[in-house]
Amino acid sequence: ASVTVTCPSFGERRWVSWEDWSVQSMQAFYADCFSGCPTAMEADSCTPGVHSCKLTSDADGLVAFRILVDEDRQMAMYPDHAGVLNGPDPDGKEQAWRIEGSKHATYEVTLDMTKSDRTK
């Protein structure tokens, strides 16, 4: 679903639903581990709306991350206290997904924007 407004002063402006926005190829997603440059997530060539990257845990076996849209920290996606996906917005600066495991282990993180259940 979408809404389009046309006005002589600003031209055309279009708003789309979450379902439509989430599978567009216009934006890129990045895993932000709060320690420098975010890691680009690669779009799945067969499934629009699915993106993944590999993250490595630190010497304590921990990795914490949130997901940024177009590397913009004002457009972060993060879990709430119940694990539900929130954002993209500038809130949740302290919220992150956390993985605990072996030190220096590599994990594949997948963002699936096609899921209607935002807890998965």
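A residue is classed as buried under 20% relative accessible area, as exposed over 50%, and as partly exposed in between. The structure described here is a predicted model, and this classification is applied to it below.

The secondary structure of the chain consists of one helix and eleven strands. Read from the N terminus, the order of these elements is β-β-α-β-β-β-β-β-β-β-β-β. The helix thus follows two strands and is itself followed by a run of strands. Along its principal axes, the C-alpha trace extends over about 55 × 30 × 30 Å.

Of the 120 residues in the chain, 32% are buried. The accessible surface amounts to about 7,600 Å², and carbon and sulfur atoms account for 51% of this area. Contacts across the sequence were also examined. Among those between residues at least 6 apart in sequence, 56% join residues at least 24 apart.

With regard to charge, the chain carries 11 positive and 19 negative charges. The mean positions of these two sets lie 1 Å apart.

One nonpolar patch on the surface covers about 370 Å² and is formed by V3, V5, F10 and W15. Within this patch, F10 is located in the loop that connects β1 (2-7) and β2 (11-16). The relative accessibility of F10 is 49%, and F10 therefore counts as partly exposed, since this class lies between the limits of 20% and 50%.

Technical notes:
Residues numbered from 1 in each chain as written. Predicted model: local features only at pLDDT ≥ 70, side-chain atom pairs only at ≥ 80, totals over all residues. Heavy atoms only, no water. Helix = DSSP H or I, 4+ residues; strand = E, 2+ residues; numbered from the N terminus. Buried < 20%, exposed > 50% of the residue type's maximum accessible area, 1.4 Å probe, protein only. Contact = heavy atoms within 4.5 Å. Areas by Shrake-Rupley, 256 points an atom, 1.4 Å probe, with all protein chains shown as cover. Lys, Arg positive; Asp, Glu negative; His and termini not counted. Charge placed at Lys NZ, Arg CZ, Asp CG, Glu CD. Patch = residues over 30% accessible without salt bridge, like charges linked within 9 Å, V, L, I, M, F, W, Y side chains within 5 Å. Salt bridge = Lys/Arg side-chain N within 4 Å of Asp/Glu carboxyl O.
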